[in-house]
Amino acid sequence: MTPNDIDLVQSSFAKVVPIKEAAAELFYGRLFEIAPEVKPLFKGDMKEQGRKLMMTLGVVVNGLKDLPSIVPAAEALAVKHNAYGVEPAHYEVVGAALLWTLEQGLGPDFTPATKAAWTSAYGTLSGVMIAASARSAKDMEHTA
Ligand code: HEM
């Protein structure tokens, strides 16, 4: 990610924060539409889940200028996701639902450059998470 990408992600996320509840609702609505098979993985209250998601995204977005500061938390979150039954392929549909949600929320502010910046940011985050979850699954094999 270039410094300009980071600025674009941070400034556009700031515009979503005031509508974060609606954004979270849109996000899960879209996710369950394009990937109904992941719906049963969610067992808790979806409002609460939406709050957690937006809060974590906020932490990640704020930490983009200092990636090593957020990697350990992203890795720990990935290991938890293994336990939720999340598979590597699910990261792609979640990314698609996220980009779609940003497009809905930002309208004309979701420029091609902003889209490219988010694609890069999500690619970085999901790459870290998928790698950590693969390592963790392997460790489990060895201890089984
Ligand atoms: C890549 C970015 C992602 C972020 C930032 C994220 C964030 C979170 C957070 C903060 C939680 C709550 C964890 C806790 O309770 O401590 C959570 C739970 C969960 N996430 Fe994610 N997640 C991501 C990707 C995914 C993907 C790809 C899936 C696949 C469908 C997924 C499915 C779930 C499920 C099923 C739960 C547990 C829900 C429950 O407790 O009922 N997440 N996620």
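**Entry 1: the second largest cavity**

I began with the second largest cavity and asked which element gives the largest share of its lining. It is α6, with four residues. I noted that this is a predicted model, so I am reading a computed picture throughout. The space inside comes to about 60 Å³. I listed the lining residues as V9, L57, V60, V61, L64, L98, W118, A121, Y122 and L125. Two elements, α3 (46–63) and α6, each give two or more residues to this lining. Then I sorted the lining by type and found ten nonpolar residues, with no polar and no charged ones.

**Entry 2: the largest cavity**

Next I looked up how many cavities reach 30 Å³ or more, and the count is three. The largest holds about 80 Å³ of space. Its lining is made of V60, L64, L67, I70, V71, A74, A121, T124, L125 and V128. Here the elements that give two or more residues are α4 (67–83) and α6 (112–143). What mix of residue types does this lining have? I found nine nonpolar residues, one polar and no charged. I also spotted V60, L64, A121 and L125 in the lists for both cavities.

**Entry 3: helix α6**

Since α6 kept turning up, I gave it a page. Does its length fit its residue count, and what span should I expect from 32 residues at 1.5 Å each? The expected span is 46 Å, and the end C-alpha atoms are 46 Å apart, so the two agree.

I then looked for the buried residues of α6, which are T114, A117, W118, A121, Y122, L125, S126, M129, A132, S133 and S136. A reminder to myself: an α-helix has 3.6 residues a turn, so residues three or four places apart point the same way. I kept that in mind while reading down the list of buried residues. Which elements do they pack against? The partners are α1 (3–16), α3, α4 and α5 (90–106).

**Entry 4: the iron**

I turned to the ligand and asked which protein atom serves as donor to its iron atom. There is a single one, NE2 of H81, at 2.0 Å. I traced H81 to helix α4, the helix that also gives two or more residues to the lining of the largest cavity.

**Entry 5: the largest pocket**

After the cavities I went on to the pockets. The largest pocket has about 980 Å³ of space. Of its 33 lining residues, the closest to the centre are Q49, L53, L77, H81 and Y84. I was pleased to meet H81 again, the donor to the iron. The elements with two or more residues in this lining are α2 (20–34), α3, α4, α5 and α6. The largest share comes from α3, with eight residues. By type, the lining splits into 22 nonpolar, six polar and five charged residues.

**Entry 6: the second largest pocket**

My last stop was the second largest pocket, with a volume of about 310 Å³. It is lined by 14 residues, and those closest to its centre are K20, E21, A24, G50 and R51. Both α2 and α3 supply at least two lining residues. Which of the elements gives the most? It is α3, with seven residues. This lining divides into seven nonpolar, two polar and five charged residues.

Methods: Residues are numbered from 1 along each chain as its sequence is written. This is a predicted model: local features need pLDDT of at least 70, side-chain atom pairs count only at pLDDT 80 or more; totals for chains, interfaces and linings use all residues. Side-chain values use heavy atoms; hydrogens and water are left out. On a 1 Å grid over the protein atoms alone, a cavity is a set of points where a 1.4 Å probe fits but cannot get out, and a pocket is an open set with protein on both sides within 12 Å along at least five of seven lines; lining residues have an atom within 4 Å of a point. Grid points are joined across faces, edges and corners, and a volume is the space filled by probe spheres set on the points. Ala, Val, Leu, Ile, Met, Phe, Trp, Tyr, Cys and Pro count as nonpolar, Asp, Glu, Lys and Arg as charged, and the others, Gly among them, as polar. The expected span of a helix is 1.5 Å times one less than its number of residues. Buried means under 20% relative accessible area, exposed over 50%, partly exposed in between (1.4 Å probe, protein chains only). Contact means heavy atoms within 4.5 Å. Donors are N, O and S atoms within 2.8 Å of the metal (3.2 Å for Na, K and Ca); water is not among the atoms, so sites may look incomplete.
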